[in-house]
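This report is a short introduction for a reader who is seeing the structure for the first time. It begins with the ligands and then turns to a helix pair and two single residues.

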Amino acid sequence: MLISVTGIDGSGKSTLVRGLTEALTSQGHEVVVVRPMHHDAQLLRMFAGARRLAPDDTAWAQQVEGFIGLHTCWVMAAKTCDIVLPALERGAVVVSDRWVADHVASQGWFGVTLDPAAAPLDRLPAPDVEIFVDVTAAIAQRRIDARDPEGSVGSGPEFLTYFRERLLDWYGDRPHLRLDGSEPPQTVLTWALSTLNGRLSR
Ligand SMILES: Nc1ncnc2c1ncn2[C@@H]1O[C@H](COP(=O)(O)OP(=O)(O)OP(=O)(O)O)[C@@H](O)[C@H]1O
Ligand SMILES: Cc1cn([C@H]2C[C@H](O)[C@@H](COP(=O)(O)O)O2)c(=O)[nH]c1=O
C-alpha cells in the first residue's frame, strides 16, 4: 500500500510520518519511508548557485526555476523506481513524505508550469490513500520560525498561502483524507490510523 502525506511546509507531515511508521511497524507491517523530492545538500547548493549567477535576468531566472521543477520530477521518478516500487512489490507499506500534489501545487509560485508530457508525474503510481495535513499559513509559519530560525526554502507567509490554496484546488473533488493539522500530533495520528487500519486489515 502506498500512503502519501501532503501539506504545506510546517504542516506536520514528517511528524505524522514518524507516528505512522511507529504504529504500523508495531502492528507487524514492514514500513518504508520515502521523501521523494528531497534533494541532497550539494544539489541545493547547485540550485542556489544557478539562481545567483544572474539574479536580475528574468529570462535566466525562469530557465533556472523550470530546470529545478523538472529536475525534481525526475528525482521523484528515480526514487520511485529505486525505493517505492520494489517495496510495494514485496508487500511493504510505503509512507511518502510529499507526493505529486505537493510539487504540482507549489510550482506556480516559482513561475513554472509542469508539462505532463515532459515530466514523468503521470507515470508515478497513484497513492492508495492520500493524506492532506492541512493548516493555515500562519500556523505553519509560526512552526517554521520556531524550528528553523534562519528560514528555509519553503517559507514565507505569501508562499505558504499560495501553496495551501493550490493544494485545496488540487484536492477539490479528488478522494483524499484531509486532517486538521492544527490539532495535537497524537490526535492527527489517531485520525489517520483509524482510516488506514480499516484499509490495511482488508
Ligand atoms: N500537530 C502539531 N501540533 C503542533 N506542532 C506540531 C504538530 N505537528 C508538527 N508540529 C511541529 O511543527 C514543526 C513542523 O513539523 P514537521 O517537521 O513535522 O512539518 P513538515 O510538514 O514535515 O515540515 P517541512 O515540510 O517543512 O519539512 C515541528 O517543530 C513539529 O514538532
Ligand atoms: C514542496 C516542494 C519542494 N521542493 C524542494 C524543496 C526541497 O529541497 C525538497 C523537498 O524537501 P522535503 O525535505 O522533502 O520537504 O524539494 C520542490 O522541488 N518542489 C516542491 O513542490
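## The surroundings of ligand 1

In this predicted model, ligand 1 is surrounded by 15 residues, of which Asp9, Gly12, Lys13, Ser14 and Thr15 come nearest. Sorted by character, the residues of this shell comprise three that are nonpolar, eight that are polar and four that are charged.

Three helices, namely H1 (13–26), H5 (137–147) and H7 (185–200), each contribute at least two residues to the shell around ligand 1. Among these contributions, that of H1 is the one that gives the most, with three residues.

## The surroundings of ligand 2

Around ligand 2 there are 13 residues, and those that come nearest are Met37, His38, Thr72, His103 and Ser106. Helix H4 provides the largest share of this shell, three residues, while the shell as a whole divides into three nonpolar, six polar and four charged residues.

## How H1 and H7 pack

Two of the helices that supply residues to the shell around ligand 1, H1 and H7, also meet each other, with axes that come within 10 Å and cross at roughly 55 degrees. An angle from 35 up to 65 degrees falls outside the parallel and perpendicular classes, and H1 and H7 are therefore oblique to each other. Their crossing is right-handed.

On the H1 side the contact is made by Thr15, Leu16, Gly19, Leu20 and Ala23, which meet Pro185, Val188, Leu189, Ala192 and Leu193 of H7. The residues of this contact are eight nonpolar and two polar, with no charged residue. Thr15, which takes part in this contact from H1, is also one of the residues that come nearest to ligand 1.

## Arg98, a buried loop residue

Arg98 is placed in the loop that runs between strand S3 (93–97) and helix H4 (100–107). Its phi angle is near 90 degrees, which is a positive value in a residue other than glycine.

Is Arg98 buried or exposed? A residue counts as buried if 20 or more other C-beta atoms lie within 10 Å of its own, and because Arg98 has 22 C-beta neighbours inside 10 Å, Arg98 counts as buried.

## Ala78, an exposed helix residue

Ala78 belongs to helix H3, which spans residues 58–89. Because Ala78 has 12 C-beta neighbours inside 10 Å, it counts as exposed, the limit for that class being 12 or fewer.

Ala78 and Pro36 are 42 residues apart in sequence, whereas in space they are 8.5 Å apart, C-alpha to C-alpha.

Terms used: Residues numbered from 1 in each chain as written. Chains lettered and ligands numbered in written order. Predicted model: local features only at pLDDT ≥ 70, side-chain atom pairs only at ≥ 80, totals over all residues. Near = placed C-beta within 6 Å. Helix = DSSP H or I, 4+ residues; strand = E, 2+ residues; numbered from the N terminus. Nonpolar A, V, L, I, M, F, W, Y, C, P; charged D, E, K, R; others polar. Axes fitted to C-alpha atoms, helices over the stretch in contact; angles between N-to-C directions. Parallel < 35°, antiparallel > 145°, perpendicular 65-115°, else oblique. Left-handed = near helix turned anticlockwise from the far one by under 90°. Contact = placed C-beta atoms within 7 Å.
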